[in-house]
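Here is a short, friendly tour of one protein model. Please keep the sequence and the structure at hand while you read.

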Amino acid sequence: MAKMRGYAMLGIGKVGWIEKDIPDCGPMDAICKPLAIAPCTSDVHTVWEGALGDRDDMLLGHEASAEVVEVGKLVKDFKPGDKVIVPAITPDWNSLEAQAGYATHSHGMLGGWKFSNFKDGVFAEYFHVNDADGNLAHLPEEISVEDATMLSDMVPTGFHGCELADIQFGDKVLVVGIGPVGLMAVAGAALKGAARIYAVGTRPKCIEVAKAYGADEFISYKDGSIAEQILDKTKGIGVDRVVIAGGNVDTMIDAVKAVKPGGKIGNVNYYGKGDYIRVPRIEWGSGMAHKQIVGGLMPGGRLRMEKLGALVAAGKVDVSKMLTHHYEGWDAVEEALNLMREKPDDLIKPVVVL
Ligand code: NDP
Ligand code: ZN
């Protein structure tokens, strides 16, 4: 069987290059080769925090733009040579969960998250995509292969935080975290018509880009309680919506304190550590404040991905502002992933063109 090279998690805290068989293409599937890839904070949680448990020789990565090299005989809308956006989440669209509206949990909680979780990821010469017609999205020619990597996960996740928080025209919105996911939540909140956006984070480059995406005021979690700072800024009233895109298990305490009664908290943060996420009793109205909390994995799906692609192609969101570190060639994957782990001050997102 033909072999390929890929960059893998060898065990918790261990990474390296390995050889594997080129994956088989089922009748509804596609085999793709990456054109550009981006490492993610989630890869760091997976490898160095063991957030998913141990994994043995699992190829990493879930953010890529790609070229289709093979399709199964039942695939209708994609053919070899097509350039595609590859969503990080690739659900089984014929599952009962998909019929219930939660494809991202197809065949079990978080079941749509297959790349670098239940199966090999995209940091490989070739990778497999299940249900190609439902999961791949055509890449508009206006979008570069580098920018397209931001459509795999950063745009859909940040925007999903805004959907979960149900942002309305004129809302005051708190976005916790202004790494790439939080930056896309800021951009999404601005597009959804937020009147004032408060953003939490300290890295100067992220603050500069958050301003460009529409953040109005900044709060540092290093200067004490986020909730107290928000209540100070809002005359004790709080915000209408909170999007959580950073922090730790205690961030929810601040979010509940910072949101008004009837407000909504949309969480897309991935809690890599800690057994419990706590809610403060009094500020949750002893259970009666109508403060809603929803946490969600980004939805994939071709329709959604092509709509988000159209938004980027139309120039409504300039994702290139997030690409601070550019590399070329497979050998750079290791350095790019390490950067994501170290998070130097000038980093938002590295990208590797192949
Ligand atoms: P980053 O690490 O780049 O950004 C995290 C942000 O949170 C930074 O702005 C950081 O501030 C801030 N932060 C750190 N500690 C705290 C704290 N104690 N309180 C408040 N803010 C804090 O992450 P990403 O943007 O890449 O990803 C954000 C999260 O989203 C990750 O957990 C990631 O795994 C998750 N994710 C979830 C997905 C989903 O589908 N739900 C998909 C993809 C990612 P500073 O400026 O100081 O660094
Ligand atoms: Zn990611």
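The report below moves from the metal site to the domains and ends with one buried residue.

**The zinc site**

Keep in mind that this is a predicted model. The zinc ion (ligand 2) takes its protein donors from Cys-40 (SG), His-62 (NE2), Glu-63 (OE) and Asp-153 (OD), which lie 1.9 to 2.2 Å from the ion. What geometry does the site of the zinc ion (ligand 2) have? The angles among its four donor atoms run from 95 to 129 degrees, and the site is tetrahedral. A site with four donors earns that label because all its angles fall between 85 and 135 degrees.

Along the chain, the donors of the zinc ion (ligand 2) are spaced as C-x21-H-E-x89-D. Cys-40 sits in the loop between strand 3 (30–37) and helix 1 (41–48), while Asp-153 sits in the loop between helix 4 (145–149) and helix 5 (154–165), so this pair ties together parts that are 113 residues apart in sequence.

Are these two donors, Cys-40 and Asp-153, buried or exposed? Cys-40 is buried, at 4% relative accessibility, and Asp-153 is buried as well, with a relative accessible area of 8%. The table sets them beside Ser-65, to which the report returns below.

| Residue | Relative accessibility | Class |
|---|---|---|
| Cys-40 | 4% | buried |
| Asp-153 | 8% | buried |
| Ser-65 | 0% | buried |

**Two domains and their contact**

According to the domain assignment, the protein has domain 1 (3–153 + 298–353) and domain 2 (158–295). The C-alpha centres of domain 1 and domain 2 are 27 Å apart. To the contact, domain 1 gives 27 residues and domain 2 gives 19 residues.

How much area do domain 1 and domain 2 bury between them? The value is about 1,800 Å², with 70% of it on carbon and sulfur atoms. On the domain 1 side, Lys-321, Met-322 and Ile-348 lose the most area to domain 2, and together they account for 27% of what that side buries.

Between domain 1 and domain 2 the count is one salt bridge. Looking at charged side chains, Glu-163 forms a salt bridge with Arg-304, and their closest N and O atoms are 3.0 Å apart.

**A look at Ser-65**

Ser-65 belongs to strand 5 (residues 64–71). Ser-65 counts as buried because its relative accessibility is 0%, and buried means under 20%. Which residues surround it in contact, leaving aside neighbours within four places in sequence? Ser-65 touches Pro-34, Leu-35, Ala-36, Val-84, Val-145, Ala-148 and Thr-149.

Conventions: Residues are numbered from 1 along each chain as its sequence is written. Chains are lettered from A and ligands numbered from 1 in the order in which they are written. This is a predicted model: local features need pLDDT of at least 70, side-chain atom pairs count only at pLDDT 80 or more; totals for chains, interfaces and linings use all residues. Side-chain values use heavy atoms; hydrogens and water are left out. Donors are N, O and S atoms within 2.8 Å of the metal (3.2 Å for Na, K and Ca); water is not among the atoms, so sites may look incomplete. Four donors count as tetrahedral if all angles lie between 85 and 135 degrees; four count as square planar and six as octahedral if opposite donors are over 155 degrees apart and all others between 65 and 115; anything else is irregular. Helices (H or I, at least four residues) and strands (E, at least two) are DSSP runs, numbered from the N terminus. Buried means under 20% relative accessible area, exposed over 50%, partly exposed in between (1.4 Å probe, protein chains only). Domain bounds come from an automatic or database domain assignment. Contact means heavy atoms within 4.5 Å. Buried area is the accessible area (1.4 Å probe) that two parts lose on being put together, summed over both. A salt bridge is a side-chain nitrogen of Lys or Arg within 4 Å of a carboxyl oxygen of Asp or Glu.
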